[in-house]
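Q: I'm new to this structure and would like a close look at a single part of it. Please pick one helix, walk me through it, and then tell me about the buried parts beyond it.

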Amino acid sequence: MQTPSRQPAAAMQPHAPIPELYVSWESAQKLKAEAGDLPSWDLGPRQVCDLELLMNGGFFPLTGFLGKTDYDSVVENMRLADGTLWPMPITLDVSEKFAETVEPGQDIALRDAEGVILATLSVTDKWSPDKSREAEKVYGADDRAHPSVRYLHDVAGPVYLGGTITGIQPPVHYDFRARRDTPNELRARFRKLGWRRVVAFQTRNPLHRAHQELTFRAAREAEANLLIHPVVGMTKPGDIDHFTRVRCYEAVLDQYPQATTTLSLLNLAMRMGGPREAVWHGIIRRNHGCTHMIVGRDHAGPGKNSQGVDFYGPYDAQELFRQNEEEIGVKMVDFKQMVYVQERAQYEPADEVEDGATVLSISGTELRRRLSEGLEIPEWFSFPAVVNELRRTKPARSKQGFTVFFTGFSGSGKSTIANALMVKLMEMGGRPVTLLDGDVVRKHLSSELGFSKEHRDINIRRIGYVASEITKNGGIALCAPIAPYASTRQTVREMIEAYGAFIEVHVSTPIETCEARDRKGLYKLAREGKIKEFTGISDPYDVPENPELRLETDGVDVDHCAHQVLLKLEQLGLVAA
């Protein structure tokens with residue numbers, strides 16, 4: 001069924017109020033009481049971001065999560081079934097178990113992580129999507145190196161529900177409340193200030209001097225006021241957290257003219273979809289009352305694919321935006337890479353610098369290296385206030401928390417090596433060390449779980465969550481589960497790399513050796529069929545392709561193996577040499 005949509009957004013005046021999906025306060029109280037008896041779905045972080053922008057008009061003209069007809073049309077043609085330009089499928093994915101309890105024609109309650117009812121969904125469609133097709137069409141490749149493709153296959157539920165949303169209340173944000181604006185709040189501000197032309201700057205990174213020059217030039221070129229509009233919902237795994245970034249933005253606001261610049265935060269879950277995402281961002285900014293948007297080099301690009309090649313060309317996003325500019329309703333201000341010209345002590349577009357000039361630049365990788373090693377970051381590159389904020393959040397690597405994640409067959413020696421490493425790290429001192437052994441965690445955290453694939457995944461995710469909390473708080477987590485599935489290990493890596501380093505150590509002891517060492521008799525029971533789904537016998541083990549370290553344990557003593565891990569930690573700058 002087609003999801004109902006409203007008047008095409010391009011036809012709306014930039015500062016006129018935009019339709020929202022919320023009911024009145026009185027109706028919301030009544031609906032909330034009634035919704036308590038409905039089947040309810042607990043929304044994940046990305047779904048909460050999507051729902052908020054559906055309800056407040058940020059995703060206008062959508063009136064809910066896409067039905068199948070609209071979904072198919074968006075995936076294939078970047079348009080809703082009625083022909084309206086819309087490049088990104090906004091879907092509600094759920095588990096098979098929950099989907100079995102719901103049929104089209106029913107209403108369900110949508111709750112946040114704390115159980116608060118935010119909205120109801122009148123279900124019109126239920127279907128199992130072809131996720132490989134979605135990946136190919138939307139992101140250009142069915143390649144798990146793309147964060148949204150990996151999310152699609154490994155995180156998102158297998159069934160989609162479509163239908164119209166009735167908004168009860170927005171998600172609650174306790175941080176930076178004065179900086180968060182709905183589309184209508186921004187439109188009202190622009191009306192009050194008399195801003196008829198507004199250029200939006202979309203960003204998921206801290207602002208450095210090159211960004212300042214880029215935004216100055218864009219505002220001058222468009223003869224417009226400037227909206228710095230960073231994403232604070234979900235960005236690329238490994239990005240700097242939004243708390244730090246917003247402090248950085250606030251630290252440099254005084255570098256901008258107050259009369260013509262404002263800062264507002266956007267609770268968007270990015271898909272890192274390159275060209276399609278750029279068009280999507282343009283529609284979202286139009287809904288927020290902007291008339292122009294800066295589209296830079298490799299806009300919303302996720303980096304390299306599994307063959308080491310960029311997913312998208314550097315100017316693909318600009319080209320697709322340009323092709324659809326009139327329908328988007330926002331004019332593109334395109335900018336190339338900005339570089340610092342030493343002779344003139346200023347930033348200029350790279351393609352305008354003459355041959356022979358001394359050009360200076362620092363890549364994102366180089367910036368992270370300098371931060372992690374406590375090296376100088378020159379003033380021509382960034383503002384001292386921004387550098388200070390980044391150093392507060394990202395101290396030198398030797399002072400950060402980190403996780404060492406051992407994986408291998410049962411009996412490979414993971415726990416023994418991890419114990420030896422723990423003692424060595426405790427001997428060195430400086431940071432608390434916690435060992436999360438697979439058997440110990442099962443006893444204390446996961447005693448109700450069995451050994452099915454689903455339960456193994458849950459167990460590993462629990463270990464990953466605890467390790468991420470230890471890492472976030474500056475400690476060292478040593479994990480020693482079997483962790484047979486590559487997708488689950490990748491999920492844990494992303495959890496932890498948000499806060500510190502993740503070092504995967506593959507203990508590559510052959511299964512024959514593990515079986516010979518079998519003190520618990522587990523392999524014998526598995527061979528006899530008395531233990532089902534036993535890793536290496538009746539259930540697969542995904543051998544890590546690119547671990548930080550691979551340990552061969554045959555004929556090698558434990559102390560040597562632990563020392564190899566310690567040398568790797570020294571090499572990475574995580575412990576003092």
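A: First, a bit of vocabulary: a helix here is a DSSP run of H or I, at least four residues long, and helices are numbered from the N terminus. Keep in mind, too, that this is a predicted model.

Let's go with helix α3, which covers residues 68-77. Its buried residues are Asp-70, Tyr-71, Ser-73, Val-74 and Val-75. What sits over them? The cover includes two strands, β5 (117-127) and β6 (159-167), along with the helices α5 (131-139) and α10 (274-287). Step just past the end of α3 and you reach Met-78, whose phi is positive, at about 65°.

Now for the nonpolar cores. The largest one has 70 residues, and the members touching the most others are Phe-59, Trp-86, Leu-92, Leu-110 and Ile-165. Take Ile-165: setting aside neighbours within four places in sequence, its contacts include Leu-21, Leu-51, Phe-65, Leu-110 and Ala-119. There's also a second, separate core of 36 residues, with Phe-176, Tyr-256, Val-333 and Ile-377 among them. In soluble globular proteins, nonpolar side chains tend to be buried together.

And the cysteines? A disulfide is a covalent bond between the sulfur atoms of two cysteines. With a cut-off of 2.5 Å between the sulfurs, the count here is 0 disulfides. Cys-514, for one, has its nearest cysteine sulfur, that of Cys-561, 12 Å away. Cys-514 counts as buried because its relative accessibility is 1%, and Cys-248 counts as buried because its relative accessibility is 0%.

Terms used: Residues numbered from 1 in each chain as written. Predicted model: local features only at pLDDT ≥ 70, side-chain atom pairs only at ≥ 80, totals over all residues. Heavy atoms only, no water. Buried < 20%, exposed > 50% of the residue type's maximum accessible area, 1.4 Å probe, protein only. Contact = heavy atoms within 4.5 Å. Core = buried A, V, L, I, M, F, W, Y, C linked by side-chain atoms within 4.5 Å.
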